[in-house]
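Subject: Structure handover

Hello,

Here is the structure I promised to pass on. Please open it alongside this note; my findings follow below.

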Amino acid sequence: MTPILYHDIDGVLFGEYGPRQIHQLRPGVSDWLHWVLARYQLVFLTSCPQADLFGLLSSLYLQDVISACRYLPWTSVGLPFKWDAIKQEQHHHPHPYLWIDDDPSVFPALNEQRGHDNRLPFVRVNPTGERELVHLMQRLNARTAQLTQLVASSSLPH
């Protein structure tokens with residue numbers, strides 16, 4: 001099983017840190033994205049236009065990431081929220097997934113989250129700190145192990 005990882009950009013690849021606490025690219029982004037690609041089907045879910053995202057990845061010499069990922073164009077297809085795009089995609093093609101975002105307001109309400117494997121797919125990323133990607137790897141490893149157990153017990157589609 002290779003779960004989908006719905007991946008926000010701003011607040012995940014970028015964070016506020018450093019002596020001036022400014023918004024900047026986090027260290028290790030290339031390592032992070034290759035780590036993700038080895039474990040997940042990477043789907044970028046962001047309001048950042050696809051051309052801008054792919055331009056950023058190209059400028060970081062990550063063309064291989066561009067060819068191995070998908071971009072979910074939720075704003076261009078008239079969906080009001082990221083969650084609507086995930087629900088629509090999961091309705092048509094159910095698959096185990098995790099969703100990382102720094103903005104907890106984009107996730108569904110807590111009572112609705114509980115109905116999705118007791119909130120397992122919804123992973124909030126800390127928008128501050130330069131080491132957040134390393135911490136996120138550890139958290140995703142734990143969530144993926146739980147997700148694998150759920151799939152094995154047939155509570156999720158394979």
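Helix 1 passes helix 6 in a left-handed crossing. This is a predicted model, so please read everything here in that light. The two partners are helix 1, residues 29–39, and helix 6, residues 132–152. Their axes lie 10 Å apart and the packing angle is about 15°. Helix 1 is therefore roughly parallel to helix 6, since angles under 35 degrees count as such. Helix 1 brings V29, W32, W35 and R39 to the contact. Helix 6 supplies L133, L136, M137, L140 and N141. By class, the contact has 7 nonpolar, 1 polar and 1 charged residues.

Now the sheet. It is open and has 5 strands, in the order 5-4-1-6-7. The pairing is parallel. Which strands stand at the edges? They are strand 5 (70–71) and strand 7. Each has a single partner strand, so one side of each is left without a neighbour in the sheet.

The pairings, going across the sheet:

- Strand 5 to strand 4: 2 bridges, in the parallel sense. R70 in strand 5 is the bridge partner of V43.
- Strand 4 to strand 1: 4 bridges, parallel. F44 in strand 4 stands opposite H7.
- Strand 1 (residues 4–7) to strand 6: 4 bridges, parallel. L5 has L98 of strand 6 as its bridge partner, and H7 stands opposite I100.
- Strand 6 to strand 7 (residues 122–124): 3 bridges, parallel. D101 is partnered by R124 in strand 7.

H7 thus turns up twice, opposite F44 in strand 4 and opposite I100 in strand 6.

Strand 6 deserves a look of its own. The strand spans residues 97–101, and 5 of its 5 residues are buried. In a regular strand the side chains alternate between the two faces of the sheet. Here both faces are covered. Y97, W99 and D101 are buried on one side. L98 and I100 are buried on the other.

What lies across the strands? Helix 1 lies across strand 1, strand 4 (41–44) and strand 6. Helix 1 runs at about 125° to strand 4. Helix 4 (residues 82–92) also packs on the sheet. Helix 4 touches strand 1, strand 5, strand 6 and strand 7. The direction of helix 4 makes about 170° with that of strand 6.

Which residues of helix 4 are buried? They are K82, W83, D84, A85, I86, E89 and Q90. These buried residues pack against strand 1, strand 5, strand 6, strand 7 and helix 5 (110–114).

One residue of helix 4 to click on is A85. A85 has 3% relative accessibility and so counts as buried, the cut-off being under 20%. Leaving aside neighbours within four places in sequence, A85 is in contact with L45, L72, W74 and L79. G55 sits 30 residues from A85 along the chain. The C-alpha atoms of A85 and G55 are separated by 23 Å.

To view it, I would begin with strand 6, where both faces are covered. Then turn to helix 4, which packs on the sheet. Finish with helix 1, which lies across strand 1, strand 4 and strand 6 and also packs with helix 6.

Best wishes

Methods:
Residues numbered from 1 in each chain as written. Predicted model: local features only at pLDDT ≥ 70, side-chain atom pairs only at ≥ 80, totals over all residues. Heavy atoms only, no water. Buried < 20%, exposed > 50% of the residue type's maximum accessible area, 1.4 Å probe, protein only. Pairing = 2+ DSSP bridges. Axes fitted to C-alpha atoms, helices over the stretch in contact; angles between N-to-C directions. Parallel < 35°, antiparallel > 145°, perpendicular 65-115°, else oblique. Left-handed = near helix turned anticlockwise from the far one by under 90°. Contact = heavy atoms within 4.5 Å. Nonpolar A, V, L, I, M, F, W, Y, C, P; charged D, E, K, R; others polar.
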